[in-house]
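Work through the following exercises with the sequence and the model open side by side. Each task is followed by a solution in steps.

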Amino acid sequence: MSRHRNVRNLVEDDYYDGYDDDDYYDDDDYYYEEQQKQAARSKAKAAAAAPKTKTYTAQLVVPPKNNKKPAAKVPSGGPPPVVATNVGVTKAPPGWGKPSAVLPSVSAPAPQPGITKPPAGWGRPAAASNGNGNAAATNKTGRKTTASSAATATTPTSQQQKAIPKWLADQTIASQLTMVILGHVDAGKSTLMGQILVQTNQISKREAAKQCGNGGSNNNNGKQQAIQLSWLLDENESERARGVTMEIGTKTIRVPKHDIVVLDAPGHHDFIPVMITGAANADVAVLVIAAVTGEFEAGFTGGGQTKEHIMLARGLGVTQIIVAVNKLDVEGWKEDRYQEIQTRVKEFLLKQQFKPKRIRFVPISGLTGENVKARTTSTSASSSSSELSKWYKGPTLLEAINDFFPAKRQIDKPLRFIVTDVFAEGKGIVARGRVIQGFVEVGDSLVVLPVGDIVRVARVEHLQAPSSNGSDDPRRLAVATAGDTVQLVISDKDIDIMRISIGNIFCFPNARPPLTRTATARIMVMEDLAVPIIRGAQVVFHMHSLDVPTVLTNLIAVLNNDGSVKKERPRVLTRGVSASVELTVSEKIVMEAFSECRSLGRFVLRRGGETIAIGVIDTTL
């Protein structure tokens, strides 16, 4: 059974039945009862320690028009009422109107017959000026916020936003895709991507050899050639020393229909959080699977990362995938082996609600380059690669990549720019990231969240120049639109570089997203969950480039397939169920409802190094 069978419910409100948790625990909710008892004891202790003070309730009695003085209605056991000054005032209690030496804590009186409900704010201190002309308020955490900052926290995304320039609205923007490379460790991901860079002329073979310290010589040794290709992506010295991808490698390629940013994600289990960052920023994926007997089984069914990568990618918004069956040359290009892998992997992909028309399988050899850009068709060729052309008539890998459907971009929505890297360059600061919606151009003033500093964009640098699509308007180079991965250069006079971090959000000051700690969300629990999820569970919240300690403060309900409530206030969440929960992160971050911004509304929950749930934000609190 797959670890979660239906990821579609995260984006289509289509939940599925899971395991029933009615009999999982005893009926006595020990945790809840103890919490209620503790709260009662705390209230009793506080009441005993509080100074005994008398409280008085004043009631205004309006006389009738005949000026006859009516009898004041005095509640049983209460003080005499205060009437209007034109009909006389009853004597006030001793000390009435004089400030007391110590201001006691005033609690709201219980409503009695004849006494109206206490007004809102009873017993709370009046708002005090903070010196800036803004009234200071106290939020739920007890921290003081100004009226302006409170308005910022509740600013809807429908606020005024920058109008789209006419020249940009009239321009046909070329398709921009971000492609993440997934797969189990040692499946050949980095080698394959190096081969693609060479075959798309992004780099020459001689230059590749130079970058890998081979002096520019073309060594035909297979192992040395694989190192040369993989090192084009694995540029970190520790990665090269260990022979394992540890960070996201970023390169660009161009095919006829798309400009593509390639994200080479690590496949090792220890670097799943890094892989989540890559998948969260991707539109499409290439899943690399090693066809060698034993390697495929280890990655797919032996506790490897192939299935987990598929589930995480689908849950984080990837809807199109190419399965590159790599190293098939080691198996002699056997069709039976290819069909076996295709059958097993496709069945799992369909369970994750990938649509059949958005799944492609391509047999390749990342080391030799067979069927990456072209394949051998000559039957007289001495190599075994000609065996592939005898039974495979489908597209090459680059042809399949070219056939990806363009992504729909929301350029008319408020700007959201996610920072994925930041570094100093001369007298400026470079923030690399991706525009997930809206657009930004040179000269714009942006706010950096959550710190709140205002910066000005001095320069926009594209990782590769956007395709013109027949239009050579130079203004396009000064604009980054939804889907673009760019570097925004800002002056170090606007902000200190230490104030910008990976995971920060750039937006326009008049269209800020919510900055909050608490949200309600729908989650889907993994089917290999070892320990059930309870209220108060401590987890790690992963969203785009962020990972934040989080507490599940409330389990609201278990949900059915159609999103209806199956059980309210469950004690635990067991494997395979869908549920509505409330979560609280350790610090304020930018979160938005999934309906407003998908990239800021998707997340993954992990605990103890294992993924336990995938979810989407419903509302921010």
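**Exercise 1. Place Thr 178 in the fold and list what surrounds it.**

Step 1. Thr 178 belongs to strand E4, which spans residues 175-182. Helices (H or I, at least four residues) and strands (E, at least two) are DSSP runs, numbered from the N terminus.

Step 2. Thr 178 has a relative accessible area of 2%, so it is buried. Buried means under 20% relative accessible area, exposed over 50%, and partly exposed in between, with a 1.4 Å probe and protein chains only.

Step 3. Thr 178 and Asp 283 lie 105 residues apart in sequence, yet their C-alpha atoms are 5.3 Å apart in space.

Step 4. Leaving aside neighbours within four places in sequence, the contacts of Thr 178 include Val 261, Leu 263, Asp 283, Arg 434 and Thr 485. A contact means heavy atoms within 4.5 Å.

Before going on, note the basis of these values. This is a predicted model, in which local features need pLDDT of at least 70 and side-chain atom pairs count only at pLDDT 80 or more, while totals for chains, interfaces and linings use all residues. Residues are numbered from 1 along each chain as its sequence is written, and side-chain values use heavy atoms, with hydrogens and water left out.

**Exercise 2. Decide which parts of the model carry low confidence.**

Step 1. Start with the whole chain: the average pLDDT is 76, and 65% of the residues score at least 70. pLDDT is the predictor's confidence in each residue, from 0 to 100.

Step 2. Compare the elements. The lowest mean pLDDT, 35, is that of helix H3 (residues 147-153), and the highest, 97, is that of strand E17 (residues 505-507).

Step 3. Look for low stretches. Over residues 53-72 pLDDT stays under 50, and the model has 24 contacts there beyond four places in sequence. Residues 82-90 also have pLDDT below 50, with 19 contacts beyond near neighbours in sequence.

**Exercise 3. Summarise the chain as a whole.**

Step 1. The chain contains 14 helices and 26 strands.

Step 2. Of its 621 residues, 45% count as buried.

Step 3. Among contacts with a separation of 6 or more, 73% join residues 24 or more positions apart.

**Exercise 4. Is helix H5 enclosed or open, and what follows it?**

Step 1. Helix H5 covers residues 189-199, and 11 of the 11 are buried, so the helix is largely enclosed by the rest of the structure.

Step 2. The buried residues include polar and nonpolar names alike in the list, among them Lys 189, Thr 191, Leu 192, Gln 195 and Ile 196.

Step 3. After H5 comes Asn 201, with a positive phi near 65 degrees.

**Exercise 5. Describe the nonpolar cores.**

Step 1. A nonpolar core is a set of buried Ala, Val, Leu, Ile, Met, Phe, Trp, Tyr and Cys residues joined through side-chain atoms within 4.5 Å. The largest one has 70 residues, and those with the most contacts inside it are Met 179, Leu 192, Ile 196, Val 345, Leu 349 and Ile 401.

Step 2. Strand E7 (residues 284-290) gives the most to this core, 6 residues. At least three residues come from each of domain 1 (176-403) and domain 3 (515-620); the domain bounds come from an automatic or database domain assignment.

Step 3. Beyond four places in sequence, Met 179 touches residues including Ile 253, Val 262, Val 286, Ile 401 and Phe 404.

Step 4. A second, separate core has 28 residues, including Val 525, Ile 533, Leu 552 and Ala 613.

**Exercise 6. Examine the salt bridges and the burial of their partners.**

Step 1. The structure holds 17 salt bridges. Each is a side-chain nitrogen of Lys or Arg within 4 Å of a carboxyl oxygen of Asp or Glu.

Step 2. In the pair of Arg 254 and Asp 259, the closest N and O atoms are 2.8 Å apart. Arg 254 is partly exposed at 38% relative accessibility, whereas Asp 259 is buried at 1%.

Step 3. Arg 606 and Glu 308 pair with their closest N and O atoms 3.6 Å apart. Arg 606 is in strand E25 (residues 602-607) and Glu 308 in helix H11 (residues 306-315), 298 residues apart. Arg 606 is buried at 5%, and Glu 308 is buried at 4%.

Step 4. Salt bridges also link Glu 297, Arg 337, Glu 340 and Arg 344 in a network.
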